[in-house]
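Here's a quick tour of a protein chain for you. Keep the picture open while you read, and try to find each spot as it comes up.

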Amino acid sequence: MRIAKWRANGAKVISADLPSGLDSDQGLVREPCVTADRTLAFGYAKRGQVLEPGVTRCGLLDIVDIGIPAAAERVLKDAPTWLVSEAD
């Protein structure tokens, strides 16, 4: 994969929202999968970004405000929420 080759040669890889090939819900890797140095998560962190091997594939994780209106967040207030610990 070209991205892996570039990274091996010193290029920094930034992923937009989620590294390509990474499952957003479970953090499972589907090859080929990008390993990023930094990932910009749009709106919220996804479960797959905070569970291994997703954590490793995302690199540093930054949450980017994309302007989700408060009204939309109120609709989601009862959405499933997970507490992810270091053991996960």
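## A patch on the surface

Let's start on the outside: F42, Y44, I66 and I68 make a nonpolar surface patch of about 350 Å². Keep in mind that you're looking at a predicted model. One member of that patch, I68, sits in the loop between β3 and α4 (70-75). With a relative accessibility of 31%, I68 counts as partly exposed.

**The overall layout**

- The protein chain has four helices and three strands.
- Walk along from the N terminus and you'll meet the elements in the order α-β-β-α-α-β-α.
- How much of the chain is buried? Of the 88 residues in the protein chain, 23% are buried ones.

**The sheet**

- The three strands form an open sheet, lined up as β1-β2-β3, with parallel pairing.
- At the edges you'll find β1 (14-16) and β3 (60-64), each of which pairs on one side only.
- Neighbouring strands in this sheet are turned by 20° against each other on average, if you ignore direction.
- In general, what holds strands of a sheet together is backbone hydrogen bonding, and the pairing can be parallel or antiparallel.
- Strand β2 (residues 38-42) runs parallel to β3, and five bridges join the two.
- To see that pairing up close, look for T39, which stands opposite L61 in β3.

**Salt bridges**

- Side chains of opposite charge can pair when their charged atoms come close.
- How many salt bridges turn up in the whole structure? A search finds five, and here are some of them.
- R7 pairs with D37 in a salt bridge, and their closest N and O atoms are 2.9 Å apart. R7 belongs to helix α1 (residues 2-8) while D37 is in the loop between β1 and β2, so this pair ties together parts that are 30 residues apart in sequence.
- Both partners are partly exposed: R7 has a relative accessible area of 30%, and D37 has one of 22%.
- K46 and D17 also meet through their side chains in a salt bridge, at 2.6 Å from N to O. Here K46 lies in the loop between β2 and α2 (47-50) and D17 in the loop between β1 and β2, so the pair links parts that are 29 residues apart in sequence.
- D23 and R30 form another salt bridge with their side chains, with 3.9 Å from N to O. Are these two partners buried or exposed? D23 is buried, with a relative accessible area of 19%, whereas R30 is partly exposed at 47%.

**Cysteines**

- A disulfide is a covalent bond between the sulfur atoms of two cysteines.
- How many disulfides does this structure have? The count comes to zero.
- C33 is in no disulfide, and its nearest cysteine sulfur, which belongs to C58, is 8.3 Å away. To count as a disulfide, the two sulfur atoms would have to be within 2.5 Å.
- The story from the other end matches: C58 is in no disulfide either, with the sulfur of C33 as its nearest cysteine sulfur at 8.3 Å.
- Both cysteines are buried: C33 has a relative accessible area of 7%, and C58 has one of 1%.

Note on methods: Residues numbered from 1 in each chain as written. Predicted model: local features only at pLDDT ≥ 70, side-chain atom pairs only at ≥ 80, totals over all residues. Heavy atoms only, no water. Pairing = 2+ DSSP bridges. Axes fitted to C-alpha atoms, helices over the stretch in contact; angles between N-to-C directions. Salt bridge = Lys/Arg side-chain N within 4 Å of Asp/Glu carboxyl O. Buried < 20%, exposed > 50% of the residue type's maximum accessible area, 1.4 Å probe, protein only. Patch = residues over 30% accessible without salt bridge, like charges linked within 9 Å, V, L, I, M, F, W, Y side chains within 5 Å. Areas by Shrake-Rupley, 256 points an atom, 1.4 Å probe, with all protein chains shown as cover.
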